[in-house]
Structures are given as C-alpha cells and as structure tokens.
Amino acid sequence: MNHLAVRRGDPFGSLVDDVFSDFFQRSGLVPAVSGGGGPSAARARMDVIDKGDKFEIKVDLPGVKKDDINVTVEGARVTLQAESRKEKETKNGDRVLHSERTVTSYARNFELPVEVTEDGADASFENGVLTLALPKRATVTSKRLAVR
C-alpha cells in the first residue's frame with residue numbers, strides 16, 4: 001500500500017508541516033511523488049485536536065463521497081485514503097474538449113502521540129469534512145507488589 005503526498009503552491013503550509021513533521025510523522029509520510037510515475041495523491045488538509053481523553057481529527061475531503069473513504073487505525077498510526085470522481089456528463093451535441101477534474105485522490109498517514117482504541121471511536125462525514133473521534137488507549141500503570 002503506497003501513501004503519497006503532493007505539496008501544491010503553499011510555501012507556508014509546507015513550512016509548518018516541516019516544523020511539526022516529527023510529531024505527526026515519526027515513521028514518515030512517503031515523500032512527494034510528481035510527474036512521470038502515474039497518478040499522485042493530494043495531501044488532505046487536517047486538524048488534530050487533543051480533547052484530553054480522545055483525539056478529534058477533522059480532514060477536508062472536497063468532492064469525496066462517504067463510500068470512497070478508507071480509514072485504518074493501528075495503535076497510534078492513522079492511515080486515510082479517499083478518492084473523488086467527477087462523472088463526465090455530456091448532453092446531446094456537447095463534447096468535452098478538455099477535462100482535468102475527473103479524479104482526485106487524497107492520502108494521509110500519520111502517527112498520534114499515544115495509541116488509540118477502537119472502543120468508542122466514531123467517524124462522520126458531512127459537507128466534505130471527515131471528523132474522527134479516536135479515544136486514547138488507557139495507559140497501563142505499573143503496580144508495586146508487596147513481597148511476602
């Protein structure tokens with residue numbers, strides 16, 4: 001499974017991403033791929049909010065349908081893939097001369113500071129925004145045993 005990202009004309013966004021890359025990408029987001037090698041995936045814009053007992057993640061996925069979103073959570077690693085397809089609709093006598101808006105793929109792969117659990121996790125999608133609520137896994141505290 002390949003996770004691709006493309007940074008498009010946003011010098012400040014990429015600077016911010018570079019500053020915080022260790023926090024969200026300890027294992028690394030696959031470097032940008034452009035030109036020649038086939039389709040690439042746009043980097044979905046997101047916010048991650050620590051709500052104490054859970055993380056709330058909001059991801060912009062314009063033009064995507066709910067059924068075309070795939071989210072995987074393993075420990076602290078979150079992988080997101082989505083695709084938007086624009087149907088080519090032509091009316092009698094019309095003909096498409098050029099179209100660059102047929103398919104857009106989005107991908108994100110990042111690691112949260114602590115592991116999360118699927119118990120109580122929730123995902124909703126409304127108006128092009130995916131919202132994930134991922135409860136933090138309870139930390140196991142060590143217990144000192146009395147030696148008899």
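1. Start at the S4–S5 hairpin. Strands S4 and S5 are joined with two residues between them, and Gly75 in that turn has a positive phi of about 65 degrees. The two strands, with S4 covering residues 69–74, run antiparallel and share six bridges. If you want one pair to click on, take Val73, whose bridge partner in S5 is Val78. Bear in mind as you look that this is a predicted model.

2. On confidence, then. The average pLDDT for the protein is 75, and 66% of the residues score at least 70. The part to be wary of is residues 1–38, where pLDDT stays under 50. The model has 52 contacts beyond four places in sequence for that stretch, and I'd leave them out of any argument.

3. Now follow the sheet that holds the first hairpin. Four strands make up this open sheet, in the order S1-S6-S5-S4, and the pairing is mixed. Its edges are S1 (42–43) and S4, each of which pairs on one side only. Inside the sheet, S5 and S6 run antiparallel and are joined by nine bridges. Gln81 is a handy marker here, as its bridge partner in S6 is Ala107.

4. The other open sheet also has four strands, ordered S2-S3-S8-S7, and here the pairing is antiparallel. S2 (46–50) and S7 are the edge strands, pairing on one side only. Ignoring direction, neighbouring strands of this sheet are turned by 15 degrees against each other on average. S3 and S8 contribute seven bridges in the antiparallel sense, with Val59 standing opposite Leu130 in S8.

5. What links S7 to S8? The two strands form a hairpin with two residues between them. S7 (residues 122–126) pairs with S8 (residues 129–135) over five bridges in the antiparallel sense. Ala123 stands opposite Leu132 in S8.

6. Asn127 deserves a look of its own. It sits in the loop between S7 and S8 and has a positive phi of about 55 degrees although it is not a glycine. As background, most residues other than glycine have a negative phi. Is Asn127 buried or exposed? Asn127 is exposed, because its relative accessible area is 73% and the cut-off for exposed is over 50%.

7. On to the interior. The largest nonpolar core has 19 residues, and Ile57, Val59, Leu61 and Leu112 touch the most other members. The elements giving two or more residues to this core are S3 (54–60), S5 (77–85), S6 (103–111) and S8. In general terms, nonpolar side chains tend to be buried together in soluble globular proteins.

8. Which residues does Ile57 contact, leaving aside neighbours within four places in sequence? They are Met46, Asp47, Val48, Phe110, Leu112, Leu130, Thr131, Leu132 and Leu134. Leu112 in that list is, like Ile57, one of the residues that touch the most other core members.

9. Val59 is another core residue to inspect, and it lies in strand S3. It counts as buried because its relative accessible area is 2%, against a cut-off of under 20%. Not counting residues up to four places away in sequence, Val59 touches Ala44, Arg45, Met46, Leu80, Gly128, Val129 and Leu130. Leu130 is also the residue Val59 stands opposite in S8. The C-alpha atoms of Val59 and Leu132 are separated by 8.4 Å, with the two residues 73 apart along the chain.

10. Last, have a look at Arg108, which is found in strand S6. Is this arginine buried or exposed? Arg108 is buried, because its relative accessible area of 8% falls under the 20% cut-off. A polar atom of the Arg108 side chain lies 2.7 Å from the backbone oxygen of Ala44. Beyond residues up to four places away in sequence, Arg108 touches Arg43, Ala44, Arg45, Met46, Val78, Thr79 and Leu80. One of these, Val78, brings us back to the opening hairpin, as the bridge partner of Val73.

How values were computed: Residues are numbered from 1 along each chain as its sequence is written. This is a predicted model: local features need pLDDT of at least 70, side-chain atom pairs count only at pLDDT 80 or more; totals for chains, interfaces and linings use all residues. Side-chain values use heavy atoms; hydrogens and water are left out. Two strands pair if DSSP finds at least two bridges between them. pLDDT is the predictor's confidence in each residue, from 0 to 100. Contact means heavy atoms within 4.5 Å. A nonpolar core is a set of buried Ala, Val, Leu, Ile, Met, Phe, Trp, Tyr and Cys residues joined through side-chain atoms within 4.5 Å. Buried means under 20% relative accessible area, exposed over 50%, partly exposed in between (1.4 Å probe, protein chains only). A polar contact is a pair of N or O atoms within 3.5 Å; within protein, one must be able to donate a hydrogen and the other to accept it, and residues adjacent in sequence count only if both atoms are side-chain atoms. Axes are lines fitted to C-alpha atoms, for helices over the stretch in contact, and angles run from 0 to 180 degrees between N-to-C directions.
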